Amino acid sequence: MNTIPLNARGIPASRLVLGCMPFGGEWDHSPLTEERAALSEAAVEAALSIGINMFDHADIYTRGKSEEAFGRILKARPELRDEIVLQSKCGIGLADEELPSRFDFSRDHILASVEGSLARLGTDYLDILLLHRPDPLMEPEEIAEAFARLKASGKVRYFGVSNMNVSQIRFIERALSDRLVVNQLEMGLGRLDFVEETVRVNQTQGTHVHFSEGLMEFSRTGNIQLQAWGPLAQGKFTGRDVGGEPEPIRKTAELVARMARERETTPEAVVLGWLMKHPAGIQPVIGTMNPKRIKACADAEHQAKRMSRDDWYRLYMTARGD
């Protein structure tokens, strides 16, 4: 049983997502520069050219400059808003002169965060809003009230979470009128816990796996779209110098390169194709601004379809060091 993808549930999302975290530049209070805005526009154009129509933000990315940079693109091309899927996140408070880093799922914070994102993006609504990281002080009823207000006002169409386990999702959903549609987690050849949690049942090695027990099966059963942040592992398997990295990383990079040559495709397409082969229908969120590297991901879905079970396990076992 495959998870029903977002585009089959009324959300016309591409299989790949462009993560916009680096768009604004530095994580400081400096203003958005024209140079950085131009780089952001080039990244969006590259994404659109290979069929990516979904863009992932968060209110904290480069302290709001990421959304501001994207907002400039939408202002120059207002017709683009109806052609894309915009997703943002809230719930993290960055450290400042008065307060430490913190999490906040309070009603008022969620509502204020969305207002800020909409203003910076220059749009009337978000397609999807995610709660960014778990807040130990969260109250499901308060979250539900905020979500209800946002949906009733047309400011957010769908809701989801990021970096959450099965119990946390169930805890939040008990107060919601609608199911959550997304959970975004770190997954890929560079972060294998989502596979290890399945394989390591009743094995002592399983005690070192940091992934929510049963999350893959829970998500597929409940039609929660899994999104993967960091799927390209910052280039470890796609051309970055890995001479000083552990042997499994070096060998995996060699295997990826060999498979790319044999298939006449790119290493990026092989790495993403491996992740997308999983029957959970995982949506990779690629986080590069480099137009060349974005375009190198174009063949990923095709590679997922043509990747054999043997090739999938060959990559997995090499990456985990067996």
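This report describes the two largest pockets of a predicted model and one glutamate in a helix that lines the second of them.

The table sets out both pockets.

| Pocket | Volume | Lining residues | Classes in the lining |
|---|---|---|---|
| Largest pocket | about 620 Å³ | 30 residues | twelve nonpolar, eleven polar, seven charged |
| Second largest pocket | about 360 Å³ | 13 residues | seven nonpolar, two polar, four charged |

In the largest pocket, the lining residues that lie nearest the centre are Met21, Trp229, Gly230, Gln234 and Gly287. Strand 8 (182-186) and strand 10 (283-286) are the elements that give two or more residues to this lining.

The centre of the second largest pocket has His278, Pro279, Arg309, Trp312 and Tyr313 as its nearest lining residues. Here the elements that give two or more residues are helix 6 (193-199), helix 7 (215-221) and helix 12 (309-319). Helix 6 gives the most, with four residues.

Glutamate 196 is part of helix 6. Is glutamate 196 buried or exposed? Its relative accessibility is 11%, and residues under 20% count as buried, so glutamate 196 is buried. The side chain of glutamate 196 makes a polar contact of 2.4 Å with the side chain of tyrosine 316. Beyond its neighbours within four places in sequence, glutamate 196 is in contact with Val209, Tyr316 and Arg320. Tyrosine 316 thus appears both in the polar contact and among the residues in contact with glutamate 196.

Conventions. Residues numbered from 1 in each chain as written. Predicted model: local features only at pLDDT ≥ 70, side-chain atom pairs only at ≥ 80, totals over all residues. Heavy atoms only, no water. 1 Å grid on protein atoms, 1.4 Å probe; cavity = no way out; pocket = protein on both sides within 12 Å on 5 of 7 lines; lining within 4 Å. Points joined across faces, edges and corners; volume = space filled by probe spheres on them. Nonpolar A, V, L, I, M, F, W, Y, C, P; charged D, E, K, R; others polar. Buried < 20%, exposed > 50% of the residue type's maximum accessible area, 1.4 Å probe, protein only. Polar contact = N/O pair within 3.5 Å; in protein donor to acceptor, adjacent residues only side chain to side chain. Contact = heavy atoms within 4.5 Å.
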